[in-house]
Amino acid sequence: MKIAIIGAGIVGSTLAFYLHQNGLEDVTIYDYGQGQATKAAAGIICPWFSKRRNQAWYQMANKGADFYQKLVSDFKAQGQSTDFYQQNGVYLLKKNDSKLEELFEIAQARLESSPIIGELRIFEKTEVLEIFPGLEGFERVLYASGAARVDGSDLCQSLLAATPYPILKEKVSLKLSEGKYQIKGQSYDQVFLTSGAWLGQILKPLGYQVDIRPQKGQLLDYQLQYLNTDQLPVVMPEGEIDLIPFFAGKLSIGASHENDKGFDLTEDERVLRTLAESAQTYYPAIADSKPSSVRIGTRAYTSDFSPFFGQVPGQKGLYAASGLGSSGLTIGPLIAYELVNLFLGQETILKTSDYPIENYVWQGLK
């Protein structure tokens with residue numbers, strides 16, 4: 001059986017890892033390498049404070065956070081580094097201090113079914129400054145010890161390095177001929193479309209429409225010599241930006257959410273300046289530093305902000321996933337694992353009918 005994966009972001013790379021874990025040998029990965037959301041992402045695994053009414057989304061995000069324990073365990077079993085993931089906790093900041101108690105109660109109610117949340121506490125500013133010196137813009141924070149940070153690029157590279165599959169950095173199209181899927185002159189029995197915002201472009205030649213829109217995201221990285229970031233919690237203020245510490249003085253700031261830029265990947269100085277100025281509200285010392293790098297990627301959103309995955313309607317052996325939005329690093333690995341389960345005919349963790357692909361991928365007019 002010949003298998004192809006189109007798109008090596010968080011879903012595609014995790015998919016490759018678990019296909020390899022299940023003994024699949026003839027797998028080829030295609031990835032154009034431009035605009036991928038995961039490579040530009042610094043993620044926070046912390047869904048438990050969400051007030052979204054979409055319970056299917058919350059179940060996916062909650063189980064996605066849990067799934068990282070399996071992913072990390074599977075990596076460690078192979079003697080692989082898991083530096084891409086670290087549970088340092090989170091500081092949640094609100095402009096209205098009273099909202100912290102409300103969110104504390106929400107997370108407390110979820111603690112029994114989600115013990116990964118860990119310790120929940122409300123800290124005063126003096127306590128916070130002992131851990132994260134220089135942090136400003138708050139009087140109290142809500143802390144959860146189980147929250148984690150993930151470097152998207154590092155995670156994808158680690159997943160792909162743990163598989164023997166070839167990766168072809170080409171922009172591809174998909175055709176169907178005599179029951180086989182044709183990609184770059186090669187025939188495949190099974191194809192996984194994990195191309196994010198580009199899913200519609202790939203399925204269009206087969207007569208499909210896809211409910212997906214692109215969203216541009218820009219993120220700033222700083223390299224700070226004076227701050228020990230190794231064990232610092234992630235900081236989630238109210239609004240668009242987050243402060244995400246990584247190892248060795250790296251601090252990521254982001255990310256923007258730009259709905260009107262299509263697939264544009266150029267740096268926007270105005271947006272980047274706004275990100276930097278917003279970050280200075282909470283960490284003023286950053287004003288004396290210059291970004292060491294800028295990361296830009298394209299997220300994929302559906303019209304109702306719901307992710308989907310499954311077998312493409314009317315096509316045997318063709319699977320797809322998209323619509324992950326800004327939750328990609330939280331839910332992506334679990335979605336990939338579920339695609340492998342569907343492919344192998346195994347029991348899934350999620351109730352797949354809660355994420356119906358036919359609502360977002362269809363042939364003809366709708």
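## A loop residue, two open sheets and a pocket

Q315 lies in the loop between strand β20, residues 308–311, and strand β21, residues 318–322. The model in which this loop appears is a predicted one, and every value in this report was computed from that model. Is Q315 buried or exposed? Q315 has a relative accessible area of 10%, and because the cut-off for a buried residue is under 20%, Q315 counts as buried. If its neighbours within four places in sequence are left aside, Q315 is in contact with L176, Y181, Y208 and Q363.

The whole protein can be described next. Its secondary structure comes to eight helices and 22 strands, and buried residues make up 56% of its 366 residues. Among the contacts between residues at least 6 apart in sequence, 75% join residues at least 24 apart. The C-alpha atoms fill a box of roughly 70 × 45 × 45 Å, when the box is taken along the principal axes. A compact globule with 366 residues would have a radius of gyration near 21 Å, and the protein has 21 Å, so the two values agree.

The two strands on either side of the loop that holds Q315 also belong to an open sheet of six strands, which are arranged in the order β9-β2-β1-β13-β21-β20 with mixed pairing. Which strands stand at the edges of this sheet? The edge strands are β9, residues 167–168, and β20, and each of them pairs on one side only. Strand β9 pairs in the parallel sense with β2, residues 27–30, over two bridges, and in this pairing I167 of β9 is the bridge partner of I29.

A second open sheet has three strands in the order β3-β8-β4, and its pairing is antiparallel. Strands β3 and β4 stand at the edges with a single partner strand each, so one side of each is left without a neighbour in the sheet. The table sets out the two pairings within this sheet.

| Strand pair | Sense of pairing | Bridges | A pair of opposite residues |
|---|---|---|---|
| β3 (42–45) and β8 (148–151) | antiparallel | four bridges | A42 and D151 |
| β4 (85–86) and β8 | antiparallel | two bridges | Y85 and V150 |

In a regular strand the side chains alternate between the two faces of the sheet. In strand β3, A42 and I44 point one way while G43 and I45 point the other way, and all of these residues are buried.

The last feature described here is the second largest pocket, in which about 200 Å³ of space lies. How many residues line this pocket, and which of them lie nearest its centre? The lining has 14 residues, and those nearest the centre are Y222, L272, R273, A276 and P291. The elements that give two or more residues to the lining are strand β15, residues 213–223, and helix α7, residues 269–282. Helix α7 provides the largest share of the lining, with six residues. In terms of residue type, the lining divides into eight nonpolar, two polar and four charged residues.

Notes:
Residues are numbered from 1 along each chain as its sequence is written. This is a predicted model: local features need pLDDT of at least 70, side-chain atom pairs count only at pLDDT 80 or more; totals for chains, interfaces and linings use all residues. Side-chain values use heavy atoms; hydrogens and water are left out. On a 1 Å grid over the protein atoms alone, a cavity is a set of points where a 1.4 Å probe fits but cannot get out, and a pocket is an open set with protein on both sides within 12 Å along at least five of seven lines; lining residues have an atom within 4 Å of a point. Grid points are joined across faces, edges and corners, and a volume is the space filled by probe spheres set on the points. Ala, Val, Leu, Ile, Met, Phe, Trp, Tyr, Cys and Pro count as nonpolar, Asp, Glu, Lys and Arg as charged, and the others, Gly among them, as polar. Buried means under 20% relative accessible area, exposed over 50%, partly exposed in between (1.4 Å probe, protein chains only). Two strands pair if DSSP finds at least two bridges between them. The radius of gyration is taken over C-alpha atoms; the globule rule is 2.2 Å times the number of residues to the power 0.38. Contact means heavy atoms within 4.5 Å.
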